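Visitor: I would like to learn how to read the contact between two chains in a model. Please take one feature at a time.

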2 protein chains.
Amino acid sequence: MNYLRQFEPFIALPHLIKWLPISFIVGILAGTASAVLLVSLEWATDWRESHQWIIALLPLGGFFSGWIYHQFGQTVEAGNNLLLEEIHNPKEIIPFRMAPLVLLGTDLTHLFGGSAGREGTALQMGASLADQLTKIFNFQGASRRILLTTGISAGFASVFGTPLAGTVFGLEVLAIGRIHYDALFPSLIAAVVGNQVTLLLGLHHTVYRHAPSIPTLTTWGLISAIIAGAIFGIVARFFAQLTHKISHFFKAKISYPPIRPLIGGALVATIVGLSGTTKYIGLGIPTIVDSFYVQLPPWDFAAKLGLTALTLGAGFKGGEVTPLFFIGATLGNALSLILTLPTPLLAGMGFVGVFAGAANTPLASTLMGIELFGLQAGIFIGIACVVSYLFSGHSGIYVAQRISLNKY
Amino acid sequence: MNYLRQFEPFIALPHLIKWLPISFIVGILAGTASAVLLVSLEWATDWRESHQWIIALLPLGGFFSGWIYHQFGQTVEAGNNLLLEEIHNPKEIIPFRMAPLVLLGTDLTHLFGGSAGREGTALQMGASLADQLTKIFNFQGASRRILLTTGISAGFASVFGTPLAGTVFGLEVLAIGRIHYDALFPSLIAAVVGNQVTLLLGLHHTVYRHAPSIPTLTTWGLISAIIAGAIFGIVARFFAQLTHKISHFFKAKISYPPIRPLIGGALVATIVGLSGTTKYIGLGIPTIVDSFYVQLPPWDFAAKLGLTALTLGAGFKGGEVTPLFFIGATLGNALSLILTLPTPLLAGMGFVGVFAGAANTPLASTLMGIELFGLQAGIFIGIACVVSYLFSGHSGIYVAQRISLNKY
């Protein structure tokens, strides 16, 4: 037995004493930022829904958002991918301006009626605020990577109210095929504190329906869950690829960045005007909630997928994840027409399953499913997330994600 | 975009078609083996408790068990460590005899009144049965590693009734500090099927009390949970080291292996006779259940720790994990004397927390805690498991576990 090994618990103590207060601070920063984001998004969404004429101005909102980023935000334009890139290959501190810019950009997207999410915003606020501590503590190398990871975990945990999923998400999103545990303790503390701060500030997360009865797992049920998971994965992959393709197209055809969301916004606003419904723009929470209760049109997922890919591909700010929840929940709902699993169970499986495939985070998604839809559905949720991960290929919504181990 | 990437979902399909039936078979084998183990342990425990004179024969039982392994089991003596070693550095197929030998050895331990567990037995039966498929399918390299991992996952899942924890345990136990996802899908299917088979065969797992009310997480509650986790980790480390030291001592002093459990059995039987209680031998399920309801003597954990280290260190067969649950649950119960968290919550945190530290499996242990004690306790359970993992050092109960990444 190595002599030094005898003192190991005392070596753990400095790690704890170092990271407990820092993770605590990151949690407070990210939790507060998420609270501000959630309040402002609620306000923007309510205002848009009661003043729907504003959607006609979506091109202007897009131009304004694009112009602000072009003037002040070129260093933080890469968003989530900048965070992942910095963790893998640290160069310089994430500018503080990332936080207010992405908050403003996301609020503009939702106020004017783009289709987008909020997790990207929460991650970018959490991580950029966390990274400001790098200067204070003079962090380098591993410490800074851990710090950035805690910001991601705390942002995710607090914006969705899922601390365990947030913890694992921060570790899991960095690379496909493996998790490293270096940031495990700091991420957990930051996620738990971040979530608690958002709750203490009076925010309430949407409560989704737990499937009232979960069937016993039969061989056919297992196969149904695998089929559902495979479809979730293929759709997740399609969403990621479509978004990237639209983004490449806009970048190739339009050199002045603010014009891209102007054109994209005009397209989205036209589609919304022609379709006569605001169901597929914004976060889409009401439809997500509905998907656990009633049979929805089977094309809902495709409409949301197209509008979100267009919104984000054109350069609007916001996240991909809440739209992925929408796409997954409505797709699961539609699959209950052909698979013999209960509709609310399939909606929950899709909610986290499509996300698992698109973000390549099967464990965080499974934990999220358990945190949101209850443990009883755990096995079905786990199968949906793991199979979706298997079928979504080796690229996802985060292009800076590394491939550490091939999926098969 | 790489041309081949377009066909990725079709590349996932062969992986699924290959591993679904194989994992299914592994699940059936491991689940059936776990059912046999659980039934036989129930019988052995009941018989011993109603014929306690048999404990006086524990030295003979130990000699018999040791003699059988010395005659027929030298190739499988290393048990769990042989499995981990084969996964890291494949040499030859695990002999089939591992399964019946470890089953018999474990039943002898429990019939005659040693203090031990059952997870080691379930893992060894699951993996050795799974590995027999290596010949049939002519598996090599990665495929064989995955196959062994599925056996571990299915064994763990079915013996404890925790399929999600079993899935992650198989991946997480291989090395400290990282998880690789190569066996994720096969392990999940094997774990889910294994658990289902054990249930279908009529086995019922112990149901533990869910803490009736979980306090809101305050700063003091967070610190209390961290203190508890640190103590769980230090005790886990002490247990692992004591067991290894006793084992080394017996091996150094006694060259003929069957004499080791004879001497060890005489010591355990003498201690049980002098103490006048059978509370600390066998699996100890009744005391584990009690620890969620009533205040227990604060030395319970230490008595179980000492007797288990002596039993296993002397060479009796069985697992470490159920004794770790006992040690943790009673230690958590004792900590409720000084920490202001509810007793059933601390018992649950200790149940999985000490195990997390000793096996270096914080995520599997957190999932297990959620599967056994409910999601409401999830944050406290997560903190206990992660902090215990941090404080248990870089060695654990499985000496063949690799260190992939230092904990701090």
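Guide: What follows goes through symmetry, interface, strand pairing and salt bridges.

Guide: This is a predicted model, in which local features need pLDDT of at least 70 and side-chain atom pairs count only at pLDDT 80 or more, while totals for chains, interfaces and linings use all residues. Residues are numbered from 1 along each chain as its sequence is written, chains are lettered from A and ligands numbered from 1 in the order in which they are written, and side-chain values use heavy atoms, with hydrogens and water left out.

Visitor: By what turn and shift can chain A be laid on chain B?

Guide: Copies are superposed by least squares on the C-alpha atoms of residues with pLDDT of at least 70 in both. Here a turn of 180 degrees with a shift of 0.0 Å along the axis lays chain A on chain B at an RMSD of 0.0 Å. The two copies are therefore related as by a two-fold rotation axis. In chain A, the residue closest to that axis is Ile179(A), with its C-alpha at 2.6 Å.

Visitor: How many residues of chain A are in contact with chain B?

Guide: Contact means heavy atoms within 4.5 Å. On that basis 60 residues of chain A touch 60 residues of chain B. The copies meet through the same surface, because 100% of the interface residues of chain A are also interface residues in chain B.

Visitor: How is the size of an interface often given?

Guide: It is often given as the accessible area lost when the parts come together. The buried area (1.4 Å probe, summed over both parts) is about 5,400 Å² for chain A and chain B, 78% of it on carbon and sulfur atoms. Among the elements that give two or more residues to the chain A side are helix H1 (8-50), strand S2 (178-180) and helix H10 (219-253); helices are DSSP runs (H or I) of at least four residues and strands (E) of at least two.

Visitor: Which residue is the bridge partner of Ile179(A) in S2(B)?

Guide: Strands pair if DSSP finds at least two bridges between them. S2(A) and S2(B) pair in the antiparallel sense over three bridges, and Ile179(A) has Ile179(B) as its partner.

Visitor: How many salt bridges cross the interface?

Guide: A salt bridge needs a side-chain nitrogen of Lys or Arg within 4 Å of a carboxyl oxygen of Asp or Glu. Across this interface the rule finds zero, although the count over all chains is twelve. One salt bridge joins Lys317(A) and Glu77(A) at 3.1 Å, N to O; these two residues are 240 residues apart in the chain.

Terms used:
Buried area is the accessible area (1.4 Å probe) that two parts lose on being put together, summed over both.
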